[in-house]
Amino acid sequence: MTSPFPHRPQTRRIALFVCSCLGFTSLAHGQSTASSATATSAPSTGSPSADANAQPELAGKIDRLTKSLEQTQVELAESRTEIQQLRTTLQQVLDRINAAPPAAVSASAQNSYTPAPSDTSTITAAQTKSDDSHAAPAKISQDDWDVLNARVDEQRQTKVESGSRFRLKLSGLALFTAFAGFGQVDNVELPGIAVPKFYGYSGGNVGASVRQSIVGLTGIGPTVFGARTSADVQMDFFGGTPNSYGATSAGLAEVRLARLRLDWKDTSVVAGLDYPFFSPNLPTSYMSVVVPGFASAGNLWNWTPTIRVEHRFDGPLAAFKVEAGFLDPSSGIYNSANANPRIVSPTQNSRQPTYAVRVSASTKSEDRPTTIGFSGVYSPQRFVFGYTVAGWAGTIDWRFPLLPHTELNGEFFTGRGIDGFGGVPLSPLRPADAFQYASVTAPELANLGVIGGWSQFKVKVNARNEFNIAAGTGGRKSDDLRQLAANNYFISTVPARNQMMFVNYVFRPRSDLLFSAEYRRLRTYEVNGAPNTAGQLGLAMGFLF
């Protein structure tokens, strides 16, 4: 690899300096030789006029060489100063890379641009070696220079202007997905459950979409009461389809995350629309970004208005964290045909929020930490005519590095009355009678026990190649659901259990570009009858900015 420092101008100056020294030595030697020869020959020749003519010419040459030598010395000193400045600048960039925390783009995004410690140690070692020996070329790999150049370009780019004097950063994911489906599903772009085949329809589909693209803004605020303040907002384009030409390809923007943070050294306060903090893990899938994978098969994912406090304890072997907060989960989605007004949910009608607490421990490894967390949720609900349900849930989440370049993560939950957080399948139909649903069907469903979970095995070959295989399941107690379905037709359309698995490959030729191929399989069990099956083969191409 070519050294990062411009050697050629300095090489010419050093060569000129050496040549000048040699020339000066030769002339000085010539002068002494000429003087001795003149002194020796003077008595014999007796020509003082020749000596008088040679002396001024020799003095002029010496004067010119002396000036050239002085100029070369000045240029050499300037070159040394420039080299030192370049080394200082490079060291500052390396220090900034080592100190920079890992970034994130979204649950979707799910990626980091900070170089691995092994890479940064390679850069630091190469720089130290360059300082020790000026002649030795830089031993830095192409990947290291790509990361370094990306960081330098990030520092040089023009920042987003905001109405305040504080920093504002624009980020996002431009995502294109193409898919081919097999069987019938509830949503061709984001299949959640498999449904019975409709008479007259084909057994599959083919399509493409850009509605899973994400745009985000992150603002860094002032220090208040000793806490660093920040906020971020993320939007996607999966909020529905407009009533216009090309509506199936376009999408309406919707807010997915909007958080405000106050961060002290060991304590943080977070408020806004956020993921359930008792379910922190997300599977890696670029075919399912706006709605995470296993959203209806074991993943408690639904973004919820939340205010929480977390406190971190630094133990001798592991770091502990305690989180507690209040949530307002979504529910009653079938209560009205008009989606614009917000009707009071059973949780809001109870005049109490949903309470949650999570205790977790993780090792102090920065590269591959082991993390395990336990959570408890209590969600009081009050339905029409005063019928109450004490919703609750117990969860466990984990992240374990196994063999080199491998990792296992996931979660498990059980409880009742937590449909608003996702994780279990819903009916693909809307109830014909909204009042009947709110007063009878919804309380009966909320009182049913639920259970589910998912797990993912990741193989990260290197920074550019990654394989993932995952499976999840979620459902309600089949016997109780079957008894209720005997007297309620709508409950008979609610799946008893839903299973999903996927395998994908992610290729990142650059830190801001990715390609992914994925196969997904669904199996949905109705209350009665054989299960419905479907599959999807997808390709994704994304650009992170």
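1. In this predicted model, Phe313, Phe320, Val322, Val357 and Val359 make a nonpolar surface patch of about 390 Å², to which β8 (318-327) and β9 (354-363) each supply at least two residues. One of its members, Val322, lies in strand β8 and counts as partly exposed, because its relative accessibility is 32% and that class runs between 20% and 50%.

2. Turning to the interior, the largest nonpolar core has 14 residues, of which Phe383, Leu445, Leu481 and Ile491 touch the most other members. Helices α6 (434-446), α7 (478-485) and α8 (489-492) each supply at least two residues of this core, and the largest share, four residues, comes from α6. Leaving aside residues up to four places away in sequence, Ile491 touches Thr441, Glu444, Leu445, Leu481, Leu484, Ala485 and Val527. Another core, of 12 residues, lies apart from this one and has Val377, Phe413, Ile418 and Val450 among its members.

3. The structure also holds 11 aromatic pairs. In one of them, Phe278 and Phe421 meet edge-to-face, with 5.2 Å centre to centre and 80° between the planes. Phe278 lies in the loop between β6 (267-274) and β7 (304-314) and Phe421 in the loop between β12 (406-416) and α6, so the pair ties together parts that are 143 residues apart in sequence. Phe278 is buried, at 2% relative accessible area, and Phe421 is likewise buried, at 2%; ring pairs link Phe277, Phe278 and Phe421 into a cluster.

4. A further pair, Phe467 with Tyr505, is tilted, because the ring centres are 4.8 Å apart and the planes are at 35°. Phe467 belongs to strand β14 and Tyr505 to strand β15, 38 residues apart; Phe467 is partly exposed at 42% relative accessible area, and Tyr505 is partly exposed at 27%.

Notes:
Residues numbered from 1 in each chain as written. Predicted model: local features only at pLDDT ≥ 70, side-chain atom pairs only at ≥ 80, totals over all residues. Heavy atoms only, no water. Core = buried A, V, L, I, M, F, W, Y, C linked by side-chain atoms within 4.5 Å. Buried < 20%, exposed > 50% of the residue type's maximum accessible area, 1.4 Å probe, protein only. Contact = heavy atoms within 4.5 Å. Patch = residues over 30% accessible without salt bridge, like charges linked within 9 Å, V, L, I, M, F, W, Y side chains within 5 Å. Areas by Shrake-Rupley, 256 points an atom, 1.4 Å probe, with all protein chains shown as cover. Salt bridge = Lys/Arg side-chain N within 4 Å of Asp/Glu carboxyl O. Phe/Tyr/Trp six-rings, centres within 6.5 Å; stacked < 30°, edge-to-face > 60°.
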